[in-house]
Amino acid sequence: MEELHIIKSLQAKTVEALRNCYELEESPDSILINFTKKEFDGEYTIVLFPYVKRLKQSPQEIGTKIGDYLQENHDFVKSYGIVSGFLNLSLSNSYWHNILLGINDADSFGHKPKNGEKILIEYSSPNTNKPLHLGHIRNILLGHSCAEIYEAEGYDVIRTQIVNDRGIAVCKSMYAWQEYGNGETPESSNTKGDHFVGKYYVLFDKKFREEYQSWQSSDEAKEVLINNIKDGQSDEAFFNNYKNQYFNSFSKIGKATSSLLKKWEADDAETVALWKKLNGWVYDGFNVTYDALGVAFTKLYYESDTYKLGRDVVNQGLEKSLYYKLEDGSIWVDLEDAGLDKKILLRSDGTAVYMTQDIGTAMQRYQDFNVNKMVYVVGDEQNYHFKVLFEILKRLGEPYADGLHHLSYGMVDLPEGKMKSREGTVVDADDLIKEVITEAAYAAKDSAVLNELNDESKSEIYRKIGLAALKFQILKVGATRRMTFDPKESVDMQGTTGPYIQNAFVRIQSILRKIDENEGASDYGDYILNTDEIHLLRTMANYPDVISNAASEYDPSIVAQYVYGLAKQYHKFHHDFRIIGAESESAKWFRISLIKEIAKILESSINLLGIEMPERM
RNA sequence: GGUCUCUUAGCUCAACUGGAUAGAGCAGCUGCCUUCUAAGCAGCAGGUUCCAGGUUCGAGUCCUGGAGGGAUCACCA
């Protein structure tokens, strides 16, 4: 369906015009074509400035020549107008009819055929010691949406995570549960598993602080204080700083926790069983949240499996003298010629650091899936880490090194400022999901349409609407941007929101339900489109490019802006024009096929954001 | 302090990657439901695009300097 690619086609015709009129060879991509501003006539605008100097003619002259050429040689160009340096083209009525037919014929308009390429996308990747929060939601939605977008673009997509299931944090929950839990379980306490384990993580912290507090008045503490305090430092400031050292050197429960970690690393059966039990609860909890958000994964990677990966690769790098070894045995890579620093890859005791694991994991994934592209959806606080990782993989000559991308998204702030777990301002994912659904139900309480439905259908609709509000609010913001999330706005259902878009779809469905399909569409080929219809078709025809653009930018907000724009255009059209009661039979049937396709594109594009359409609302 | 990054209407965000008079939503004010779903539409008001220079036909967008926020500079992950 090349004909549907209006801009590409116009670029090609413009190249042809420049060649035939001026013997000027231009590449199609260099021809700048925009949507015509609404205050001027026309649909597409060719920017003429670039040729003014080279052709030594005025924009008026160049525009006239190209305009005349296009009009004479390509009958789909109906007319043109020149305003300052812009050549505005109007396309013919039959051309727009063909566009609509083409969209209708397309199997799944906007989606590209399989291109045989694979892409792996890593997202979510939580720690297993506390429940998911608002920050994870942004991560998950971005990752899931990118996966959908790449699938639409023709890729095979592997959705994955690296679950941070090991380390001292997990052991804290384990210790606290063992010590204070009295055998309590998520079932016995009727608590979601991740929240249950998170409770013990918090409890650990509380117990530790209590222990630390009382230790501070001991003789031992006084001695430490006298020997280590800096001039001018208050006792309080000293102890605040000393927390980690206390944990490692003096704390009873700190020692107990470290010993759990050592036993875990030594594969102690009892410890591993405890670890598995708690992590199992956490996973049960996470899965509930993933289900609620409608996301799933192809394969999960666990740090407990991968944390030893990468070490032998480091030794290989050492042999190729990509890396060097210090006297203490630690191994480093020097990336200063790439504008980066020196980075440790193996500790002096021979154990791996985070970077090493990531090298090993990337290789593992390549082995597992033979992918040429890998995307990491990780917050922008790790920008430097990924620069280094990608540079190292490049130097190792990994075959996928050019296909690596860090989808670096900005942190989510609240109107009051940053989320801080210490101050209890972290927005819990499950609470938030529940809240938006409740709010959607509340907003619908007076809806005559919905009140006719049974409870099950109603709550399904509330779920779709509430999640749409939440997801759209997050995804409409450019992925790399830091964003402010106002919970009050997330339950807003008016304006630039998910429900606004759903409503456009629902209004179409409502009309289509009233159509008697048996009546049969009369031929509407002679129907003369009005400006609003042409502009709708122009937006619709742009959908494939929007997907491609969103994919190459790794940015779902491009799709979000698009689908909002289409919904907005439709709402106005719906308000201004009658469809069933149109002024003529041909207008009626043209509009019916038009809105059918609008509905399909609205649904298809909002699905790329992980949002579902209700039939009624 | 070094490096990276951000700053657009009262608030939250756009601006097709250098193109026409910088656009939406929210909040505020005003209209429009016996007519296909008003979770809608239309209107009013709101701007020195942080500041100062530079590049060119043309700058919110590019370059330099400055101000203010954020991130990061571990043998943590």
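1. Both tyrosine 212 and tryptophan 215 are buried, and these two residues make a convenient starting point for reading this predicted model. They belong to helix H8, which covers residues 193-215, and they are three residues apart there, about one turn of the helix.

2. The structure holds 44 aromatic pairs. In the case of tyrosine 212 and tryptophan 215, the ring centres are 6.1 Å apart and the planes meet at 15°, so the pair is stacked, given that planes under 30 degrees apart count as stacked.

3. These two residues also take part in a wider grouping, since one aromatic cluster includes Tyr212 and Trp215 together with Tyr175, Tyr180, Phe204, Phe208 and Phe247, among others. Phenylalanine 247 has a further partner, for the charged end of lysine 172 sits over its ring, 5.2 Å from the centre. Elsewhere, lysine 445 lies over the face of tyrosine 442, at 4.2 Å from the ring centre.

4. Turning to the nucleic acid, there are 60 residues around RNA strand B, and of these Asp328, Arg347, Lys418, Arg507 and Ser510 come nearest. By residue class, the surface near RNA strand B divides into 25 nonpolar, 16 polar and 19 charged residues. On the RNA side, 59% of the strand B atoms within 4 Å of the protein belong to sugar or phosphate, while the rest belong to bases.

5. Several secondary-structure elements contribute to this surface, and those that supply at least two residues each include strand S2 (44-47), helix H2 (49-55), strand S4 (86-91) and helix H25 (557-576). Helix H22 (498-514) is also among them, and H22 gives the most, with eight residues.

6. Individual contacts with RNA strand B involve both backbone and side-chain atoms of the protein. An N or O atom in the side chain of tyrosine 500 is 2.5 Å from a phosphate oxygen of the strand. For phenylalanine 577, a backbone N or O atom lies 2.3 Å from a base nitrogen of RNA strand B, and for isoleucine 580, a polar backbone atom is 3.1 Å from a base oxygen.

7. A last point concerns an open sheet of three strands, in the order S14-S13-S15 and with mixed pairing. Its edge strands, S14 (417-418) and S15, each pair on one side only. Strand S13, residues 412-414, pairs with S14 in the antiparallel sense over two bridges, and leucine 414 has glycine 417 in S14 as its bridge partner. Strand S15 (483-484) is also one of the elements that supply at least two residues of the surface near RNA strand B.

Methods:
Residues are numbered from 1 along each chain as its sequence is written. Chains are lettered from A and ligands numbered from 1 in the order in which they are written. This is a predicted model: local features need pLDDT of at least 70, side-chain atom pairs count only at pLDDT 80 or more; totals for chains, interfaces and linings use all residues. Side-chain values use heavy atoms; hydrogens and water are left out. A residue is near a molecule or strand if one of its heavy atoms lies within 4 Å of it. A polar contact is a pair of N or O atoms within 3.5 Å; within protein, one must be able to donate a hydrogen and the other to accept it, and residues adjacent in sequence count only if both atoms are side-chain atoms. Helices (H or I, at least four residues) and strands (E, at least two) are DSSP runs, numbered from the N terminus. Ala, Val, Leu, Ile, Met, Phe, Trp, Tyr, Cys and Pro count as nonpolar, Asp, Glu, Lys and Arg as charged, and the others, Gly among them, as polar. Rings of Phe, Tyr and Trp (its six-membered ring) pair if their centres lie within 6.5 Å; planes under 30 degrees apart count as stacked, over 60 as edge-to-face and the rest as tilted. Buried means under 20% relative accessible area, exposed over 50%, partly exposed in between (1.4 Å probe, protein chains only). A charge sits over a ring if NZ of Lys or CZ of Arg is within 6 Å of the ring centre and within 35 degrees of the ring normal. Two strands pair if DSSP finds at least two bridges between them.
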